2 protein chains.
Amino acid sequence: MSDTAEPSSPVSRSGPQGPTPGRRRRDAAATRQAILDAAVAAFTRYGYDGVGVRDIAQSAGVTAMLINRYFGSKEQLFAEAVDVAFAPRTVIAGSGAQLADKTARALVARTAPEAEELGPFLLMLRSAASPRAAQIMREAIGRHAGRHLNEELSGTAAGVRAELMLSLQAGVWLMRSVLGTTALTQEQPEELAQWIESLFQVLVTPPTAASPRPEPGAGSGP
Amino acid sequence: MSDTAEPSSPVSRSGPQGPTPGRRRRDAAATRQAILDAAVAAFTRYGYDGVGVRDIAQSAGVTAMLINRYFGSKEQLFAEAVDVAFAPRTVIAGSGAQLADKTARALVARTAPEAEELGPFLLMLRSAASPRAAQIMREAIGRHAGRHLNEELSGTAAGVRAELMLSLQAGVWLMRSVLGTTALTQEQPEELAQWIESLFQVLVTPPTAASPRPEPGAGSGP
DNA sequence: CATGTAAGTATACGAGTGTAGACATCGGGC
DNA sequence: GCCCGATGTCTACACTCGTATACTTACATG
């Protein structure tokens, strides 16, 4: 979690009360943003069902009821938080010939055990249990990540290749960051990145007609 | 959850009228098993935090307190359910040269939108938010799936390759079954299976020394 | 058939949830 | 300087959760 309060506001209130030092002046926009930032962090760390509005409110330095005032409900706050998590951050790195390479290395770096990263995949995984949250995230993926990756992977079955690339990334996030399985956490980052890169390469530069297994019926197209 | 059974209407059946599967004779082992089965189904569908012990108990036709009597706590029930979900079901299909092929096809079939499958990956994804559940699942993976797949993929970096294979499967489950993203749900199953198979192939028959990208340092050779 | 005991139920409690309504307080415009 | 609306808080409510205690019922055995 980054700074949620205005750094320009000094400790104007010398009173003993005040949950967070450096109290924010009465500023609706800043308060709303502080709540949203806290929500992204909390939902990413603990999932939709894992945090209460009181937790988020306390992180933002306000009371729980302000969430309902500014966002209507916890669900609507989550929807906005998902949009924030998916929109600015990139789910792919590099482009063209470097796409597989850069994306693999970024993935390994961000899922390192010591990283403590907040990323859209973590938010996705930790909130996958709630059906309503799942629907909100599906729409966000279609709107942001999927579209972006789709353009990069133009060509045959670009949509499938893009979503398979997202799938592998999500799976690595799950196994490495969330569950912390042994092999993925203990392997040398560089070697792990090479394995993942070679997988991405299959999707980025797909086997055209000369498929390794010429199956019938499924002409991989033009 | 939704289906409502009235446990308080015993209907006073006296004879050995057994056609209704609801009423079980007093049998500790059978009751315990019924609870466990219901737990696997419920945890898989709704995740660790998504079900209450009352839901599970009602599915099993008992009251919630029997769960504590037989399993000690909800957490211990979950641990046993995870063992059930991971142990008997296979996370890989086929072996040797057919491993990539069979596993990919099985994955596509089991994640089909109409499948309504219960599988370990679904349990994994839907319960990933809870840290305690995550630890329980990590141990189960190391005990069951990881070990099994490790033997099959003997060779260089078998552990990493095995867990990457699990990662991709988990990711596909997430995107296709849980989130239901468009491309993966609408693609022809056969073509999707071929894409996934070509990814598995990289892990099953890894590029030896003749790697497509000869990076320094990481000698993939045995 | 009476009975001890395992099998199962009923009730309750304390903590936690999201949220509604009433109340308090700051700050800018007349 | 005063006041009214915006901004934020307090209390409360109805609900669900996991689980501990006390109770009831059915079964096997004498």
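Which polar side-chain atom lies 2.8 Å from a phosphate oxygen of DNA strand C? In this predicted model, the atom in question belongs to the side chain of B:Thr31, and the sections below place that contact among the other features of the two protein chains and the two DNA strands.

## The surroundings of DNA strand C

DNA strand C is surrounded by 22 residues, and the closest of them come from both chains, namely A:Val53, A:Lys74, B:Thr31, B:Arg69 and B:Tyr70. When the atoms of this strand that lie within 4 Å of the protein are sorted by kind, 54% belong to sugar or phosphate, while the rest belong to bases. The bases take part in polar contacts with two arginines: a base oxygen of DNA strand C lies 3.0 Å from a polar side-chain atom of A:Arg26, and a base nitrogen of the strand is 3.5 Å from an N or O atom in the side chain of B:Arg54.

Two or more residues of the surface near DNA strand C are given by each of helix 2 (53-60) and helix 3 (65-71) in chain A, and likewise by each of helix 1 (28-46) and helix 3 (65-71) in chain B. The element that gives the most is helix 3 of chain B, with 4 residues. Sorted by class, this surface holds 9 charged, 8 nonpolar and 5 polar residues.

## The surroundings of DNA strand D

Around DNA strand D there are 23 residues, of which the closest are A:Arg26, A:Tyr70, B:Val53, B:Arg54 and B:Lys74. Of the atoms of DNA strand D that come within 4 Å of the protein, sugar and phosphate account for 49%. Phosphate oxygens of this strand have polar partners in both chains: a polar side-chain atom of B:Lys74 lies 2.6 Å from one phosphate oxygen, and a polar side-chain atom of A:Thr63 lies 2.9 Å from a phosphate oxygen of the strand. The backbone takes part as well, since a polar backbone atom of B:Val51 is 3.5 Å from a phosphate oxygen of DNA strand D.

The elements that give two or more residues to the surface near DNA strand D are helix 1 (28-46) and helix 3 of chain A, together with helix 2 (53-60) and helix 3 of chain B. Helix 3 of chain A gives the most, with 4 residues. By class, the surface near DNA strand D has 9 nonpolar, 5 polar and 9 charged residues.

## How the two chains are related

A turn of 180 degrees, with a shift of 0.0 Å along the axis, lays chain A on chain B with an RMSD of 0.1 Å. The two copies are therefore related as by a two-fold rotation axis. Of the interface residues of chain A, 100% are also interface residues in chain B, which means that the copies meet through the same surface.

## Aromatic residues

Over all chains, a search of the whole structure finds 8 aromatic pairs. In one of these pairs, the ring centres of B:Phe43 and B:Tyr48 are 5.8 Å apart and the ring planes stand at 25 degrees, so the pair is stacked. Both partners lie away from the surface in the computed sense, for B:Phe43 is buried with a relative accessible area of 0%, and B:Tyr48 is buried with a relative accessible area of 11%. In chain A, one aromatic cluster is formed by A:Phe43, A:Tyr48 and A:Phe78.## Selected residues in helices and loops

A:Thr103 lies in helix 5 (residues 99-110) of chain A, where its relative accessibility of 2% makes it count as buried. A polar atom of the A:Thr103 side chain lies 3.0 Å from the backbone oxygen of A:Ala93. Leaving aside neighbours within four places in sequence, the residues in contact with A:Thr103 include A:Val91, A:Ile92, A:Met165 and A:Phe200. A:Glu191, in helix 11 (residues 189-204) of chain A, counts as partly exposed at 27% relative accessibility. A:Glu191 and A:Val108 are 83 residues apart in sequence, and their C-alpha atoms are 9.9 Å apart in space.

Most residues other than glycine have a negative phi. B:Glu116, although not a glycine, has a positive phi of about 55 degrees; this residue is placed in the loop between helix 5 (99-110) and helix 6 (120-126) of chain B, and at 63% relative accessibility B:Glu116 counts as exposed. Phi of B:Ala157 is likewise positive, near 50 degrees. B:Ala157 lies in the loop between helix 8 (145-152) and helix 9 (158-179) of chain B, and is partly exposed, with a relative accessible area of 25%.

Notes: Residues numbered from 1 in each chain as written. Chains lettered and ligands numbered in written order. Predicted model: local features only at pLDDT ≥ 70, side-chain atom pairs only at ≥ 80, totals over all residues. Heavy atoms only, no water. Near = heavy atom within 4 Å. Polar contact = N/O pair within 3.5 Å; in protein donor to acceptor, adjacent residues only side chain to side chain. Nonpolar A, V, L, I, M, F, W, Y, C, P; charged D, E, K, R; others polar. Least-squares fit on C-alpha atoms with pLDDT ≥ 70 in both. Contact = heavy atoms within 4.5 Å. Phe/Tyr/Trp six-rings, centres within 6.5 Å; stacked < 30°, edge-to-face > 60°. Buried < 20%, exposed > 50% of the residue type's maximum accessible area, 1.4 Å probe, protein only.
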